[in-house]
Amino acid sequence: MNDLAGRRAIVSGAARGIGRAIAARLVAGGARVAIADVDADGAATAAAELGNGCLGIACDVRSMADVTAAVAAATDTFGGLDLLVNNAGIEIAKPVVDLTDTEFTRILDINVVGTFRFTKAAVPALAAAGGAAIVNMASVAGTAGGPLLSSYCASKGAVIRFTESAAIELRPAGIRVNAVCPGIVATEMADRLAGPIEAIAPIPFDELIALKQGRFGTPTDVAETVAFLASDDAHFITGSHYMVDGGLTANLF
Ligand SMILES: NC(=O)c1ccc[n+]([C@@H]2O[C@H](COP(=O)([O-])OP(=O)(O)OC[C@H]3O[C@@H](n4cnc5c(N)ncnc54)[C@H](O)[C@@H]3O)[C@@H](O)[C@H]2O)c1
């Protein structure tokens, strides 16, 4: 596996979960990866474990200063930047009537504006590299709504529309921009969602997932699609969003 040899990448939110698996897959493909995460210790540990010159960077995507510094650190260390994966994201499961203004805004700030901040900061370096790519982490929740998930669904829908807009704008700069839409993936986020969803669903969470998508997705399932979109094999693909959901969104029943 050498599909990303020499690529220089940043993955946000890569201290654990899907982001960690993406960083590992990029390294396996030959890339050097900067792991930018609000969990500074987790980012440092992941970078040390992955090796291959990986860099752990403390970075809160709510801060333009943090994001700008992260891009500068990665670009300086690696000598340029070919790939940005906007993976950092959070969820909240609450009915609309109970959600506070602050909670709703926090979801948008991290999931949507964080994606915008990293994109804005990274574009000059990505354009200079030539043939660069951005992959944004959307979700099946960006293609349809769901109870308790209004803020999360709104944020992931916005990520898809942002992806399309940026793809067209950045095409002349040789930067492809795509999104990935995972179904339910076995991470801490899915663990947090199980209780609230089970409380309103007619069947246990595990059975619901088996019914809807066959099994839980794995972080590796998602990482493989990100690696494809980052690679030259996807050179004519931009402005797309890829379902990685075991058929969840393809099924009427
Ligand atoms: N797990 C799922 O079922 C699922 C499904 C579809 C999409 N996603 C998306 O995949 C991405 C990763 O989710 P996950 O399941 O690995 O979640 P997770 O909670 O296991 O990990 C999220 C990571 O993001 C980091 N993070 C959180 N806030 C941050 C901030 N402000 N700045 C920088 N880093 C921050 C965390 O420290 C953590 O390392 C998210 O965008 C999520 O919305 C997850």
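## A walk around the ligand, the sheet and its helices

Start at the ligand and select α1 (17–28) and α6 (188–200), since each supplies at least two residues of the shell around the ligand. Helices here are DSSP runs of H or I with at least four residues, strands are runs of E with at least two, and both are numbered from the N terminus. You are looking at a predicted model, where local features need pLDDT of at least 70, side-chain atom pairs count only at pLDDT 80 or more, and totals for chains, interfaces and linings use all residues. Residues are numbered from 1 along each chain as its sequence is written.

**Stop 1: the ligand.** Which residues come nearest? Of the 29 residues around the ligand, they are G13, G17, G89, T187 and M189. A residue counts as near if its C-beta atom, placed from the backbone, lies within 6 Å of the molecule. Colour the shell by class and you will find 14 nonpolar, nine polar and six charged residues. Nonpolar here means Ala, Val, Leu, Ile, Met, Phe, Trp, Tyr, Cys and Pro; charged means Asp, Glu, Lys and Arg; the others, Gly among them, are polar.

**Stop 2: the sheet.** Now show the strands. Seven of them form an open sheet with parallel pairing, in the order β3-β2-β1-β4-β5-β6-β7. Two strands pair if DSSP finds at least two bridges between them. At the edges sit β3 (55–58) and β7 (241–244), each pairing on one side only. Zoom in on β1 (residues 8–12) and β4 (residues 83–86), which run parallel and are joined by three bridges. Pick V11, and its bridge partner in β4 is V85.

Next, add helix α4 (residues 101–129), which packs on the sheet and touches β1, β4, β5 (132–137) and β6 (175–182). Contact means C-beta atoms, placed from the backbone, within 7 Å.

**Stop 3: two helix pairs.** Keep α4 and add helix α5 (residues 150–170): they pack at an angle of about 15°, with their axes 9 Å apart. Axes are lines fitted to C-alpha atoms, for helices over the stretch in contact, and angles run from 0 to 180 degrees between N-to-C directions. That makes α4 roughly parallel to α5 (angles under 35 degrees count as roughly parallel, over 145 as roughly antiparallel, 65 to 115 as roughly perpendicular and the rest as oblique).

Finally, return to α1 and select helix α8 (residues 219–230); their axes come within 8 Å and cross at roughly 50°. That makes α1 oblique to α8.

Notes:
Contact = placed C-beta atoms within 7 Å.
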